[in-house]
Amino acid sequence: MSDEIGSVMMDVEEELIIPDIPIRPNHSIPTVTAIILLIGAAMVAFAAYSAFMSDELYSEAEETQFAEQFTESEANVTQEDLEQYDDHISNSTYGTWSSALYSLSALSLLAGGVFLLKGDRRGIHCGVLGAFILISANLWGGSASKEAAMHLPEIASLTFATMYYIYACCGLFCMTLALMPMLFASGRAALTSPPTNLAAPSVGEEE
C-alpha cells in the first residue's frame with residue numbers, strides 16, 4: 001500500500017529523514033569573552049598588588065577625603081574613626097588573606113582568558129573559578145567591613161560594605177560572561193575539548 005505525495009510515490013514503511021545541518025562555529029564569542037576576562041584579570045591583579053604592597057586599606061589622604069565627605073553628609077565621622085576602621089579590617093583575617101585570594105582570582109581569570117583565546121574549553125572552567133573566588137572574597141570583605149565599622153555611623157558602615165558588594169557583582173558578571181560561549185550553539189562549536197593523551201600499547205605487549 002502506498003500514498004502519493006505530488007509526483008513522488010512513498011511506501012508506508014519509508015520515513016523522511018531531515019539531514020543534519022552542521023553548526024557554524026562563531027569564534028568571536030569566545031574571543032570577546034577572553035578579552036573581557038583578561039581586562040578583569042588585570043583589574044583584580046592591581047587590587048592584589050595594592051594589598052601586597054600596603055599594610056593599610058586607605059592612605060591618610062583618602063581617610064581625610066572620606067571624613068570630609070561624610071561630614072558634608074551630616075555624618076559625624078572623624079579621621080581618627082576611619083583610621084580605627086582601617087586598622088580593624090587590615091588586621092582581620094580577611095585583611096591577611098585578601099591579597100592571596102585576589103592573586104588566585106587574577107591568575108584564574110588570566111588563564112581563562114588565554115585558554116578561550118586559543119579556543120580551549122578549559123577557559124570556561126578557569127574563568128568561572130576565578131570569578132567564584134572574587135565573589136567569595138568580596139562577600140567576606142563586606143562581612144569583615146561591617147564588623148570593623150561597628151563604631152561608625154550607619155551610613156558610613158553601609159557605604160564601606162556596599163563597595164565590597166559592588167565588587168562581588170563584578171565577579172558575578174565575570175562568571176556569567178565566562179559561561180557565555182556555552183549558552184550559544186555556535187559558541188560551543190568554536191571551543192575544543194582538551195586533548196586526551198592515551199598511551200598506545202607497545203608491540204611486545206600485543207599477543
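In this predicted model, helix H2 passes helix H3 in a right-handed crossing. H2 covers residues 60-72, while H3 runs over residues 79-90. Their axes sit 9 Å apart, and the two helices pack at an angle of about 125°. That angle makes H2 oblique to H3.

As for who touches whom, H2 brings Glu60, Glu63, Thr64, Phe66, Ala67 and Phe70 to the meeting, and H3 answers with Gln79, Leu82, Glu83 and Asp86. It's a mixed crowd: the residues of this contact divide into 4 nonpolar, 2 polar and 4 charged.

H3 is also home to Tyr85. Is Tyr85 buried or exposed? Its relative accessibility comes out at 0%, so Tyr85 counts as buried, the cut-off being under 20%.

So what surrounds Tyr85? Setting aside the neighbours within four places in sequence, Tyr85 is in contact with Leu57 and Tyr58, which come earlier in the chain, and also with Ser145, Ala148, Ala149, His151, Leu152, Phe160 and Tyr164. One of these partners, Ser145, gets a polar contact too: the side chains of Tyr85 and Ser145 are joined at 2.7 Å. Right beside Ser145 in the numbering comes Lys146. Tyr85 and Lys146 are 61 residues apart along the chain, yet their C-alpha atoms are separated by 9.7 Å.

Technical notes
Residues are numbered from 1 along each chain as its sequence is written. This is a predicted model: local features need pLDDT of at least 70, side-chain atom pairs count only at pLDDT 80 or more; totals for chains, interfaces and linings use all residues. Side-chain values use heavy atoms; hydrogens and water are left out. Helices (H or I, at least four residues) and strands (E, at least two) are DSSP runs, numbered from the N terminus. Buried means under 20% relative accessible area, exposed over 50%, partly exposed in between (1.4 Å probe, protein chains only). Contact means heavy atoms within 4.5 Å. A polar contact is a pair of N or O atoms within 3.5 Å; within protein, one must be able to donate a hydrogen and the other to accept it, and residues adjacent in sequence count only if both atoms are side-chain atoms. Axes are lines fitted to C-alpha atoms, for helices over the stretch in contact, and angles run from 0 to 180 degrees between N-to-C directions. Angles under 35 degrees count as roughly parallel, over 145 as roughly antiparallel, 65 to 115 as roughly perpendicular and the rest as oblique. A crossing is left-handed if the near helix is turned anticlockwise from the far one by less than a right angle, and right-handed if clockwise. Ala, Val, Leu, Ile, Met, Phe, Trp, Tyr, Cys and Pro count as nonpolar, Asp, Glu, Lys and Arg as charged, and the others, Gly among them, as polar.
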